[in-house]
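The following exercises concern one protein chain and are to be solved with its sequence and structure in view. Each task is followed by a worked solution.

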Amino acid sequence: PSRALIHQIVPDAVSLAQQGGGEVIFSRLAPHTHIQAHCGPTNLRWTAHLGLVVPKRSSCNTLDDNSPKCHIRVGTEWHHWETGK
């Protein structure tokens, strides 16, 4: 995304990064991408995964009738994204 778009989407995060308080990273994932479970060495940094553009539930592969495969696991809980949320 362009810098202007990033500033519109996450202005507070950009401001914090510019002041030396962290970083803002954008990743574009291909369909069916799987990222291995991971965590940082400490709990000193907060990480957020925001879905900017998310396929509609009907276009996601499903694990069963009610569970979209466009999801993220946090600990033992599974969550799905909605665009911009």
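A residue counts as buried when its relative accessible area is under 20%, as exposed when that area is over 50%, and as partly exposed in between. The model is predicted.

**Exercise 1.** State what share of the protein chain is buried, and describe its secondary structure.

Solution. Step one: the protein chain has 85 residues, and buried residues make up 7% of them. Step two: two helices and two strands are present in the chain. Step three: along the sequence these elements follow the pattern α-α-β-β.

**Exercise 2.** Locate leucine 5 and classify its exposure.

Solution. Step one: leucine 5 lies in helix α1, which spans residues 3-9. Step two: because its relative accessible area is 35%, leucine 5 is partly exposed. Step three: Leu5 joins Ile9 and Leu50 in a nonpolar surface patch of about 210 Å².

**Exercise 3.** Describe the second largest pocket by its volume, lining residues and their classes.

Solution. Step one: the volume of this pocket is about 160 Å³. Step two: its lining consists of Arg3, Ile6, His7, Val14, Ala17, Gln18, Val24 and Phe26. Step three: the elements giving two or more residues to this lining are α1 and α2 (11-18). Step four: by class, the lining has five nonpolar, two polar and one charged residues.

How values were computed
Residues are numbered from 1 along each chain as its sequence is written. This is a predicted model: local features need pLDDT of at least 70, side-chain atom pairs count only at pLDDT 80 or more; totals for chains, interfaces and linings use all residues. Side-chain values use heavy atoms; hydrogens and water are left out. Patches are made of residues with over 30% relative accessible area and no salt bridge: like charges are joined within 9 Å, nonpolar side chains (Val, Leu, Ile, Met, Phe, Trp, Tyr) within 5 Å. Accessible areas come from the Shrake-Rupley method with a 1.4 Å probe; for residues, only the protein chains shown count as cover. A salt bridge is a side-chain nitrogen of Lys or Arg within 4 Å of a carboxyl oxygen of Asp or Glu. Helices (H or I, at least four residues) and strands (E, at least two) are DSSP runs, numbered from the N terminus. Buried means under 20% relative accessible area, exposed over 50%, partly exposed in between (1.4 Å probe, protein chains only). On a 1 Å grid over the protein atoms alone, a cavity is a set of points where a 1.4 Å probe fits but cannot get out, and a pocket is an open set with protein on both sides within 12 Å along at least five of seven lines; lining residues have an atom within 4 Å of a point. Grid points are joined across faces, edges and corners, and a volume is the space filled by probe spheres set on the points. Ala, Val, Leu, Ile, Met, Phe, Trp, Tyr, Cys and Pro count as nonpolar, Asp, Glu, Lys and Arg as charged, and the others, Gly among them, as polar.
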